[in-house]
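Me: I am new to this structure. I would like to ask how each label is earned. Please keep the replies short.

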Amino acid sequence: MIYTITLNPSVDYIVEVEQLNIGGLSRMKRDLKLPGGKGINVSRVLNQLGAENTALGFLGGFTGRYVKDKLQEEQLVTDFVTIASDTRINIKLKHGEETEINGLGPDISEAEAEQLLQKLSGLREQDIVILSGSVPPSLGEDFYERLIQVIKQRGAEFVIDTTGEALRQALKHRPLLVKPNHHELAELYDAQLNTIEDVAVYGRKLLKAGATNVLVSMAAEGALLITDSAVYHAKVPAGQVKNSVGAGDSMIAGFVGTLVQTGDPLAAFRTGVAAGSATAFTDDLATKEQIEALLPKVVISRQ
């Protein structure tokens, strides 16, 4: 079984305006409400790919009910902890460029946090837990560490998509996959990454620190897969970018879902890149049909 954990879900409220009047009235051209949160995005794309999974995390209030109802409409299996505080709302304002205003996240009590840890007590070997996104301040900076300790005690694998110190601390527990983008990788090592070769050098540092597989997304420059045996570069298919939200999550879903089904990291890489690109080319997350249409267009070379 694949599990995703979203500690800080959201309702993503996407607003498009033709004219933005700061300090005055602006009228919407179009709006869209979506269930948000990085782990939730991963679960939704895994569902499209036919990879069985369960979404875990915290949901509360009228916004939490909205997220849960939308996921049920997609027949997604969920097992969220119900919390007293409202799930946050993130605003994505589109006016030429996209501006994001993300909520802080709810207050989560220690009792509510403990409920989530208890849900992991049934993990088994060969289960995979995907940890994605930000941690609400009320949980403390070490909450990912607490989750990872339970996961490893149960003999399961984990994937982590986060940044900074939380990523650094997770590496010692040998994650199955980490997926920074090139900016996050540069920030982690306080380095300038000007070429694909630079990215590969610092990606290998993540391997040495404990990661089994490293995916680095590089926007228009494609992506790198770095393993103990090789470095592979994928060029992204051509297309009009409509959406900056969820492409990295889709890449993780494509990679993990295909790796579980085939055991082939290179096939997983191809599906991950196709899924990330397909999401970038649509208003919401990619569908199975959109991903499959891009698979033949993903060009992979060994570095």
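Me: Which strands does helix 2 lie across?

Reply: This is a predicted model. In it, helix 2 (residues 61–73) lies across strand 2, strand 3 and strand 7. Helix 2 runs at about 80° to strand 3.

Me: What makes the sheet of four strands an open one?

Reply: Its strand order is 3-2-7-8, and the pairing is mixed. Strand 3 (28–36) and strand 8 (97–101) stand at the edges. Each has a single partner strand, so one side of each has no neighbour in the sheet. From one strand to the next, the twist averages 20°.

Me: How do you know that strand 2 and strand 7 are paired?

Reply: Pairing takes at least two bridges. Strand 2 (residues 10–17) and strand 7 (residues 88–95) are joined by seven bridges, so they pass. They run parallel. In this pairing, E16 stands opposite K94 of strand 7.

Me: How do you know that strand 9 and strand 10 pair?

Reply: The cut-off is again at least two bridges. Strand 9 and strand 10 have five bridges, in the parallel sense. L131 stands opposite I160 in strand 10.

Me: Why is strand 10 called largely enclosed?

Reply: A buried residue has under 20% relative accessible area. Four of the five residues of strand 10 (residues 157–161) are buried, so the rest of the structure largely encloses this strand.

Me: Why is K179 said to have no salt bridge?

Reply: A salt bridge needs a side-chain nitrogen of Lys or Arg within 4 Å of a carboxyl oxygen of Asp or Glu. For K179, the nearest side chain of opposite charge is D161, at 4.8 Å. That is outside the cut-off, so the pair does not count. K179 is nevertheless buried.

Me: What does the side chain of K179 join in a polar contact, and where does K179 lie?

Reply: The side chains of K179 and S217 are joined by a polar contact of 3.1 Å. The limit is 3.5 Å, so this distance fits. K179 lies in the loop between strand 11 (177–178) and helix 6 (182–189). Leaving aside neighbours within four places in sequence, its contacts include I160, D161, E184 and L215.

Me: How many salt bridges does a search of the whole structure find?

Reply: The search finds 16.

Me: What makes D283 and R30 a salt bridge?

Reply: Their side chains meet at 3.5 Å, N to O. The cut-off is 4 Å, so the pair qualifies. D283 lies in the loop between helix 9 (265–280) and helix 10 (288–294), and R30 in strand 3, so the pair ties together parts 253 residues apart in sequence. E16, K29, R30 and D283 are linked in a network of salt bridges.

Me: Why are D283 and R30 called partly exposed?

Reply: Partly exposed falls between under 20% for buried and over 50% for exposed. D283 has a relative accessible area of 33%. R30 is at 35%. Both values fall in between, so both residues count as partly exposed.

Me: How do you know that D79 and K119 form a salt bridge?

Reply: Their closest N and O atoms are 2.9 Å apart. That is within 4 Å, so the label holds. The pair links distant parts of the chain, 40 residues apart. D79 is in the loop between strand 5 (77–78) and strand 6 (81–83), and K119 is in helix 3 (residues 110–119).

Me: What makes R146 and E110 a salt bridge?

Reply: The closest N and O atoms of this pair are 3.0 Å apart. The limit is 4 Å, so R146 and E110 qualify. R146 lies in helix 4 (residues 143–153) and E110 in helix 3, so the pair ties together parts 36 residues apart in sequence.

Me: What makes the phi of Q75 and of Q126 worth a note?

Reply: Most residues other than glycine have a negative phi. Q75 has a positive value, near 60°. Q126 has a positive phi of about 80°. Q75 is found in the loop between helix 2 and strand 5. Q126 is in the loop between helix 3 and strand 9 (128–132).

Me: Why is Q75 called exposed?

Reply: Exposed means over 50%. Q75 has a relative accessible area of 67%, so the label fits. Q126, at 73%, is exposed too.

Terms used:
Residues are numbered from 1 along each chain as its sequence is written. This is a predicted model: local features need pLDDT of at least 70, side-chain atom pairs count only at pLDDT 80 or more; totals for chains, interfaces and linings use all residues. Side-chain values use heavy atoms; hydrogens and water are left out. Helices (H or I, at least four residues) and strands (E, at least two) are DSSP runs, numbered from the N terminus. Axes are lines fitted to C-alpha atoms, for helices over the stretch in contact, and angles run from 0 to 180 degrees between N-to-C directions. Contact means heavy atoms within 4.5 Å. Buried means under 20% relative accessible area, exposed over 50%, partly exposed in between (1.4 Å probe, protein chains only). Lys and Arg count as positive and Asp and Glu as negative; His and the chain ends are not counted. A polar contact is a pair of N or O atoms within 3.5 Å; within protein, one must be able to donate a hydrogen and the other to accept it, and residues adjacent in sequence count only if both atoms are side-chain atoms.
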